[in-house]
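I opened this notebook to record where the bound molecules sit and what surrounds them. The enclosed spaces come after that.

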Amino acid sequence: MNCTSEQIQAVDAALRHHSGERHALVQILREVQAHTHWLPRPVLHRIAQGVGLTPAIVEGVAGFYRFFHLQPVGRVHLLASDNVTDRMQGSRELAAELGAWLGIVPGQMAADGSVSLGFTSCTELCDQGPALLVNQHQVVTRLDAARVSMVAEQIRAGVPPSHWPIEWQRLEPNIRRAGPLLGADPMTGPALHAALARGAEATLAELAASGLRGRGGAGFDAARKWQLCRAAPLREGSTRVVVCNADEGEPGTFKDRVLLAEQADTVIEGMTVAARVLGARTGFVYLRGEYRFVLEHLQAVLARRRTAGLLGTGILGTPGFDFDIAIHLGAGAYVCGEESALIESLEGKRGQPRIRPPFPVESGYRGQPTVVNNVETYAAAAHIALHGGAWWAAMGVPGSTGSKLHSVSGDVARPGVYEWPFGVTVAEILAEAGATDVQAVQVGGPSGQCLAAHEFGRRIAFDDVPTAGAFMVFGAGRDMFEVARGFAQFFAHESCGFCTPCRVGTELVRRRFDKLAAGYGSIFDEAELRALESLLHGTTHCGLGASATNPLRDTLARFRAAYESRLASPRFVPAFDLDAELEPARRVTGRNDAGAHLERQG
Ligand SMILES: Cc1cc2nc3c(=O)[nH]c(=O)nc-3n(C[C@H](O)[C@H](O)[C@H](O)COP(=O)(O)O)c2cc1C
Ligand code: SF4
């Protein structure tokens, strides 16, 4: 099979756009697929030729990312968000209903190729869900039965998604509480002026004095990271690199989405301050593929800043201060939020975490010293450059300075983003969000921790309850076994498969949960789950595997009652029906007496 002329055009245009650069492979694949809907083998081979890689490598990269299709999908490809909180809002039933209107079931494509439907991990629109992702390009929020039937109507009438009612795509910022980051006007220069006036050394000293720690999860000291990168030796002709991690894939986290939509200038200003401190010329925003809808806005902000002399050559008239930023879109892989996997993806490869050392600050993007920080970290850095370290350090608590953004969703009256100083209690956030009769809060997403009501007096801080920003609330009626099961499914789905304990372990945990849900649980399964939990904590290559069983650990410890009825049998029960398996043998031997049946275990 050869490429069609349309496919050839799409491939050649993408190759031209990226000058046949193999490091742009993920972007090339995205751009081609936007025209061809899927990536047939001849298309991949033409791309391989164009970038000078083997077809096997290009197929290997395309096969890694869930948003690349190696099999045909519908001209309208719908993905329903499948986080636990989406399910609580009826997403699974709504997806089935949508499928029924369209004559397909989730996972299927219509015979005429007009439409296909599937599920995807959290789209991070939890505050206005359930949501649908359409052609990985636009969203439909606030799905309900009426909207589902109207979406189906539009598809059946052949209306292209770009012509669907704009109201369906409306995105609310839902900022419920603003602090220094969300309450200020977006910055178009003041922090840069301050950094230039102070100088690189003194700006770094302010950052150190602020005590700012990374907001992406690990809480690494931001000034120390910048200092290590600044001190790393440069090869001839190379530069230091500033990367903004906007992959935001942790289910239930949407505060970076809001920062990018409402405070993009401040985030970019923070990156530019970092470039000044590090002496970096190259920058990237790694934007999760699901946030494609924010791309044009970000590009407009970058273009405006170039015109205003805030990006480009000789920033603010300063000779030698040359820095620019490109946006790289991800393609549906949660693990690419891990900084070394992110860098692999930026280089056009499969997003598999690297073996460290060397750390990115010494050898990151294309072997160059690279700082990777979270969106919120850069926004905070811009404010610190402007107002000084002492101003930031005066907020929060010792060891956890400043403010922190929380994405609040689930069983609350007012879902949205809340900016609180560190040290706020879980109970205070719950009260402000209008949550009553709460059974549990999952702080920091599935890789964070699950707290029960007696712990709601604990404080959000790195040495008490650390968080990357998710705050999912579960009311008294929720089944915490199903919550943990949903998260186990997420990790099994997102494991990149590089190391065996995670690839196999997450799948075994998922299957064990399914076994219990199907009514085949026994006390032996609990022992097996606990063994898998301790195995995964100590043996995996990256943080995804290491935290994959946190929800299991926490819910078993705090909500054992939710497991008890499922673990009741004192005797081992296999996950399949042994007696039914013997049916062919009974037919062959012509027996159906009691002796030809196994006693039902239980
Ligand atoms: C599986 C996995 C996913 C991650 N996803 C994100 C993410 O979406 N955004 C983010 O900023 N950090 C994420 N991280 C943490 C990054 O590896 C890294 O620590 C962070 O980007 C550093 O920025 P910070 O110091 O400003 O927090 C993830 C880590 C792991 C192990
Ligand atoms: S722990 Fe999981 S996600 Fe991380 S490298 Fe291993 S297989 Fe990949």
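The entries below follow the two ligands and then the cavities of this predicted model.

Entry 1, the shell of ligand 1. I looked up the surroundings of ligand 1 and found 18 residues, among which Gly 216, Asn 245, Asn 373, Asn 374 and Thr 377 are the closest. Sorting this shell by residue class, I noted nine polar residues and six charged ones, with three nonpolar residues making up the remainder. I then asked which elements each supply at least two residues of the shell, and these are β9 (370-374) and α21 (543-547). Of the elements, β9 gives the most, with three residues.

Entry 2, polar contacts of ligand 1. I went through the atom pairs and noted that a polar backbone atom of Gly 216 is 2.6 Å from an oxygen atom of the ligand. A polar side-chain atom of Asn 374 likewise lies 2.8 Å from an oxygen atom of ligand 1, while at Gly 337 a backbone N or O atom lies 3.2 Å from a nitrogen atom of the ligand. As for cover, ligand 1 taken alone exposes 610 Å², and the protein buries 88% of that area. I also checked which space ligand 1 takes, and this is the largest pocket.

Entry 3, ligand 2. Around ligand 2 I found 13 residues, with Cys 496, Phe 498, Cys 499, Cys 502 and Cys 542 coming nearest. This shell holds eight nonpolar and five polar residues, and no charged ones. The space that ligand 2 takes is the second largest cavity, for which I noted a volume of about 80 Å³. Its lining consists of 13 residues, and those nearest the centre are Pro 353, Cys 496, Cys 499, Cys 502 and Cys 542. By class, the lining of this second largest cavity divides into eight nonpolar and five polar residues, with no charged residue.

Entry 4, the largest cavity. How many cavities of 30 Å³ or more are there? I recorded three, and the largest of them holds about 120 Å³ of space. It is lined by 18 residues, and Arg 288, Glu 290, Gly 332, Ala 333 and Tyr 334 are the closest to its centre. Helix α18 (residues 480-494) provides the largest share of this lining, namely three residues. For the lining of the largest cavity as a whole, I wrote down seven nonpolar, six polar and five charged residues.

Definitions and conventions
Residues are numbered from 1 along each chain as its sequence is written. Chains are lettered from A and ligands numbered from 1 in the order in which they are written. This is a predicted model: local features need pLDDT of at least 70, side-chain atom pairs count only at pLDDT 80 or more; totals for chains, interfaces and linings use all residues. Side-chain values use heavy atoms; hydrogens and water are left out. A residue is near a molecule or strand if one of its heavy atoms lies within 4 Å of it. A polar contact is a pair of N or O atoms within 3.5 Å; within protein, one must be able to donate a hydrogen and the other to accept it, and residues adjacent in sequence count only if both atoms are side-chain atoms. Accessible areas come from the Shrake-Rupley method with a 1.4 Å probe; for residues, only the protein chains shown count as cover. On a 1 Å grid over the protein atoms alone, a cavity is a set of points where a 1.4 Å probe fits but cannot get out, and a pocket is an open set with protein on both sides within 12 Å along at least five of seven lines; lining residues have an atom within 4 Å of a point. A molecule sits in a cavity or pocket if more than half of its atoms lie within 2 Å of its grid points. Helices (H or I, at least four residues) and strands (E, at least two) are DSSP runs, numbered from the N terminus. Ala, Val, Leu, Ile, Met, Phe, Trp, Tyr, Cys and Pro count as nonpolar, Asp, Glu, Lys and Arg as charged, and the others, Gly among them, as polar. Grid points are joined across faces, edges and corners, and a volume is the space filled by probe spheres set on the points.
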